[in-house]
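Q: Can you walk me through how two parts of this chain meet? Keep it short.

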Amino acid sequence: MTSNIIRAVCPHDCPDTCALHVTVTDGVATEVRGDPDHPTTAGVLCTKVSRYTERTYHKDRLLYPQKRIGKKGEGKFERISWDEALDAIASRLKIVAAKNPLAVLPYSYAGTMGLVQGDSMSQRFFHQIGASFLDRTICATAGGAGYKYTLGARIGTDLEQTQNAQLIIIWGGNPIASNLHFWMRVQEAKRKGAKLIAIDPYRSLTAEKCHQHIALLPGTDAALALGIMHVLIREGFLDHDYIAQYTLGFNQLSQRVQEWPPEKVAQVCGISSEEVIALARAYGECAQRGEASMIRMNYGVQRVHGGGMAVRNIACLPALVGAWKHPAGGVQLSLSDTFPKDMDALQRPDLFPEGQIQRTINMSTIGDDLLRASSTNFGPKIEAIIVYNSNPVAVAPESGVVAKGFAREDLFTVVLEHFQTDTADYADILLPATTQLEHTDVHSAYGHLYMMANNPAIKPLGEAKPNTEIFRLLAQRMGFDDPCFTESDDQIAAKAFKRTDPRAIHFDWSSLKKTGWTKLCVPDAPFAQGGFATQSGKCEFYSQQMLADGLDPLPTYIPPYESVTSNPVQAAKYPLAMISPPARNFLNSSFVNVQSLRDTEGEPHLDIHPVDAAQRQIVSGDKVRIHNDRGSFVALARVTDKARQGLVVGLSIWWKKIASDHKNANEVTSQRLTDMGGGPTFYDVLVQVEKL
Ligand SMILES: Nc1nc2c(c(=O)[nH]1)N[C@H]1C(S)=C(S)[C@@H](COP(=O)(O)OP(=O)(O)OC[C@H]3O[C@@H](n4cnc5c(=O)[nH]c(N)nc54)[C@H](O)[C@@H]3O)O[C@H]1N2
Ligand SMILES: Nc1nc2c(c(=O)[nH]1)N[C@H]1C(S)=C(S)[C@@H](COP(=O)(O)OP(=O)(O)OC[C@H]3O[C@@H](n4cnc5c(=O)[nH]c(N)nc54)[C@H](O)[C@@H]3O)O[C@H]1N2
Ligand code: SF4
Ligand SMILES: [Mo]
């Protein structure tokens, strides 16, 4: 028996990007553990990924190529050879592309965050075809846009400093479920006396464990931030030196926030004015004591109409009180722009045919877009869609429309997957992809600052192939002869980061493979002395760029599309706001089919406040139907004041096919987009709930 340990990386869309040690015994991966030496992983994994071998060796893994023999969506397939599959795909893509290459659309997201399996060979392939671009908005672009207008880039407080903060505001995030290794450090800070405040409409696992929980109405965070700024300015909790040296537009901001006294803010947010004032004072006083206040902002705040503006307003706060001066102070939404990734080398946008028209499809409106006919506005109808690293039929908004789009008989659909997901059921050709234990990759992260190497631990199962290899073989059949289409995964990984950038000057793929991880060279407090990545180099309270982009240049409040106050007509029929944030034991729709994890989550459920439940004669355990004009789904009611009155919460994202009604929360979400960044509005939804 030979046993050894392979250095790997968790591939999932999670800020923690853990360093893994995979134990391999006689060619079989027997255990996946957290690397004890990696500073953020610290030897700990979440339950999901500590079960990674259960997912990898799952009896339902796709192990060979298949073609559809039933109706679209029915999920009936028959085994074929790789040659037959690749020939069928290449010949169809050639026909579609010969008419108009823009009729081909790649659809992918973050099934793996690896730069090789996620973002390299596949993109080269679609660039060479001249296919439509996909705007990958489904998660974070609204917040990213608001953050960038204000601070210039997705750079912020290093969460490795968390234990040194004295005030930690967890704003629109549930780190116990979705940022575990940050939460471990929050616990350390708490033991050292830090105060924890959660801002969340729902008493999440995390909110429950904070000293204070501010349960505002969904989509009203921008107003709360304006109220905090009002109090900070009115009561003089300001760092005048920092403001004078490193910010732009303070006078205009002061005028603007006059319009947002705590009483008005309280009304908009559905909380008390005392809560607004106390929060602002806690924030201001922390800075006055010379202590570090950290805001961990997360994506929960930005899945609503005014989501980009909400992130922008919150991002203004640290500069007002000078919180950036402390390494543990400031705000963090994401650190992803700290990594000098070489996207041009990975993706080769130069391969796009010169002079050809370009088109971009927003992945958050894939339902409508699949159903659109050719037109001068839209360009050609989408005729071929190649899906990898994503499960749009379960995760994209307004799922009924998405499923209808994928059911189009004239649409050619290829899906690269580990499992027969809801999306795979619609494939014409279904291809088996390798998991992280079976392929090579290199990773950046968005919650820490390490470059990471993933070494394959085992041989591909069955006939599964890495995404890169599948696109290499397809490129051959398409006749693409650029040398980049024959590069190996190691050659691609070696190009991932720009060594000309001082942050990654020490990046060397062959040594990274051996050590597993290495931290970027960056200072501890990114904006202690300004240096924002905006055009002015300052934190922009006033943004000329926003004005140029047709937005309010100053912080403001944009109400939800669907709320009791912003849309009373709709609210008369559908009076309850619904949010569907991640369930702890799933990772988006991944892991839903891992039995031990699903057993922990039980069945799809809906948390509803006792008053709202009583009005509908609903008790815990009742089967309820959640519906609006877009659709409906069924869940088991859990009557609890964790959901504030007027709000229902359906933790997600369930596979539709395993639900009794073959539906999930995305039946009722809408395809409307955010104020900036073209993001989805998953948490901007009104519904009615009835007992079945
Ligand atoms: N276990 C697990 N971990 C995950 C994921 C998963 O599915 N499962 N998904 C991963 C992905 S893709 C992402 S993007 C991240 C997401 O990471 P987070 O953004 O931290 O997502 P959540 O943990 O759901 O936290 C969102 C919180 O925002 C709250 N919320 C909803 N609407 C509002 C609002 O209008 N205002 C405020 N203040 N709060 C609101 C929700 O109640 C929820 O508790 O997590 C990643 N990690
Ligand atoms: N209602 C509601 N909907 C939401 C959200 C919500 O909070 N509420 N959250 C949204 C967010 S934040 C996000 S990020 C999206 C997530 O949406 P997706 O990125 O689509 O995430 P998953 O559902 O996990 O699907 C990823 C798929 O990729 C596959 N995969 C993993 N690795 C590989 C690989 O190496 N090769 C191939 N070919 N396939 C692979 C997995 O098996 C899985 O089926 O969902 C969004 N949808
Ligand atoms: S999902 Fe997140 S917490 Fe779990 S192992 Fe992966 S990176 Fe770590
Ligand atoms: Mo996400």
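What follows is a quick chat about domains and one contact between them.

Q: What should I know up front?
A: This is a predicted model, where local features need pLDDT of at least 70, side-chain atom pairs count only at pLDDT 80 or more, and totals for chains, interfaces and linings use all residues. Residues are numbered from 1 along each chain as its sequence is written, chains are lettered from A and ligands numbered from 1 in the order in which they are written, and side-chain values use heavy atoms, with hydrogens and water left out.

Q: How is the chain divided?
A: Domain 1 is 3-56, domain 2 is 66-135 + 340-444 + 454-508, domain 3 is 157-332 + 525-548 and domain 4 is 568-691. The bounds come from an automatic or database domain assignment.

Q: How many residues does the contact take from domain 1 and domain 2?
A: 18 from domain 1 and 19 from domain 2. Contact means heavy atoms within 4.5 Å.

Q: What area is buried between domain 1 and domain 2?
A: About 1400 Å², with 63% from carbon and sulfur atoms. That is accessible area (1.4 Å probe) lost on putting the two parts together, summed over both.

Q: Which three residues of domain 1 supply more than any other three?
A: Pro-11, Arg-55 and Thr-56, with 37% of the area domain 1 buries against domain 2.

Q: How many salt bridges between domain 1 and domain 2?
A: Zero. The test is a Lys or Arg side-chain nitrogen within 4 Å of an Asp or Glu carboxyl oxygen.

Q: Switching topic: how far apart are the C-alpha centres of domain 1 and domain 2?
A: They lie 26 Å apart.
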